[in-house]
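Here is my note on the model you sent round, set out as numbered points. Please read each one with the coordinates open beside it.

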Amino acid sequence: MKRAFSFSPSVAVVVLAISFIYFSTIFIFIDRWFGLMSSPGIMNAVVFTAVALMCIANYVLAIFTDPGRVPSTYMPDIEDSENPIHEIKRKGGDLRYCQKCSQYKPPRAHHCRVCKRCILRMDHHCIWINNCVGHENYKVFFVFVVYAVVSCIYSLVLLVGSLTIDPSKDEQQIGSPFRTVYVVAGLLLIPLSMALSVLLGWHVYLILHNKTTIEYHEGVRAMWLAEKGGNVYSHPYDLGAFENLTTILGPNILNWICPMSRHKGSGLRFQTAYDKSISTSK
């Protein structure tokens, strides 16, 4: 499902950064290191362009894909034998109900104050895509981060490599515009590579445990309360590392880094560790 796009300064900043990194990498770093028309230059330009295109494609999909709407007709069925677990409010024990949307919340859904509606399997609202990251677009967001990390590190390697070639010639040929590009690129790529790598590591951790960012913070509190009461807390949607990976990224490993997510289901019901224990005991 596609969503309407509204202009966002944050998205404009990302687009400008991607454009600057791409053109400086192709026409300055690769050209100065290998020569753009040489075999190594063409090979690196083609590979970097392919990675950049995948990064841009997933970024666009993350922006324009609706993160997941709760159907207006949704009503939890407490008598459904195939769905014996229902999320309830922390206080009172009632089924989760959104007062702002005036409807029940499916499992893992949360209300976004920015989008002003409930989002299926909401992870967080991301200003850099001007959209929520939820059930429908979580995978393309994750894959975008993967390609963004690869692109930044690749560009940084080419930047450093281009500075190591013929230093005496560089002193004569690098004018102030080139120096400015190198300085700006370095100041952009180093912190960006570090920040995106941390973000990637965080979401790899979440995927391996089948958690969202919201569920992680809720789980910390639940774990503290459980330990306080002498109990052990376990995340109900944690099915094991490999099954968690296939649940989020898809059953076909070859499609894990592609923006394909036909496996994701409706987002109204998710398999739990309880379901898995029931099926194995039969």
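1. Is Y59 buried or exposed? The model is a predicted one, and in it Y59 has a relative accessible area of 4%, which puts this tyrosine under the 20% limit for a buried residue, so Y59 is buried.

2. The wider setting for that tyrosine is a set of aromatic pairs, of which the count comes to 13. One of them joins Y59 and F144, whose ring centres lie 5.0 Å apart with the planes at 40 degrees, so the pair is tilted. Because Y59 belongs to helix 2 (residues 39–64) and F144 to helix 3 (residues 138–163), this pair ties together parts that are 85 residues apart in sequence. The partner ring is buried as well, since F144 has a relative accessible area of 10%, again under 20%.

3. A second pair worth inspecting is that of Y205 and Y216, which is edge-to-face, with 6.1 Å from centre to centre and 85 degrees between the planes. Here Y205 comes from helix 5 (residues 176–208) and Y216 from helix 6 (residues 213–228), so the parts tied together are 11 residues apart in sequence. Both side chains should be described with some care, for Y205 counts as partly exposed at 31% relative accessibility, and Y216 is likewise partly exposed, with a relative accessible area of 25%.

4. Apart from those two pairs, I would draw attention to one aromatic cluster, which is formed by Y22, F23, F27, F48 and Y154.

5. Two arginines are placed over aromatic rings. The charged end of R32 sits over the ring of F178, at 5.7 Å from the ring centre, while R121 lies over the face of Y138, with 5.2 Å to the centre of that ring.

6. What surrounds R117, and is this residue buried or exposed? R117 lies in strand 4, which covers residues 117–119, and with a relative accessibility of 14% it counts as buried. Its side chain makes a polar contact of 2.9 Å with the side chain of D66. Leaving aside residues up to four places away in sequence, R117 touches D66, P67, G68 and R69, together with C101, H110, H111 and C112.

7. The backbone deserves a separate look at two positions. Most residues other than glycine have a negative phi. S102, however, is not a glycine and has a positive phi of about 55 degrees; S102 is placed in the loop between strand 1 (97–98) and strand 2 (103–104). N210 also has a positive phi, near 55 degrees, in a residue other than glycine, and N210 lies in the loop between helix 5 and helix 6. At 2% relative accessibility, N210 counts as buried.

8. Finally, the unreviewed UniProt entry carries the annotation "transmembrane region" for residues 12–30, 42–65, 140–161 and 181–208, and two of these spans can be set against the model. Residues 42–65 are 96% helix and 0% strand, with their end C-alpha atoms 34 Å apart. For residues 181–208 the figures are 100% helix and 0% strand, and the end C-alpha atoms lie 39 Å apart. The annotation may be inferred rather than shown by experiment, and I would ask that the text keep the record's wording separate from what is computed on the model.

Notes
Residues are numbered from 1 along each chain as its sequence is written. This is a predicted model: local features need pLDDT of at least 70, side-chain atom pairs count only at pLDDT 80 or more; totals for chains, interfaces and linings use all residues. Side-chain values use heavy atoms; hydrogens and water are left out. Helices (H or I, at least four residues) and strands (E, at least two) are DSSP runs, numbered from the N terminus. Buried means under 20% relative accessible area, exposed over 50%, partly exposed in between (1.4 Å probe, protein chains only). A polar contact is a pair of N or O atoms within 3.5 Å; within protein, one must be able to donate a hydrogen and the other to accept it, and residues adjacent in sequence count only if both atoms are side-chain atoms. Contact means heavy atoms within 4.5 Å. Rings of Phe, Tyr and Trp (its six-membered ring) pair if their centres lie within 6.5 Å; planes under 30 degrees apart count as stacked, over 60 as edge-to-face and the rest as tilted. A charge sits over a ring if NZ of Lys or CZ of Arg is within 6 Å of the ring centre and within 35 degrees of the ring normal.
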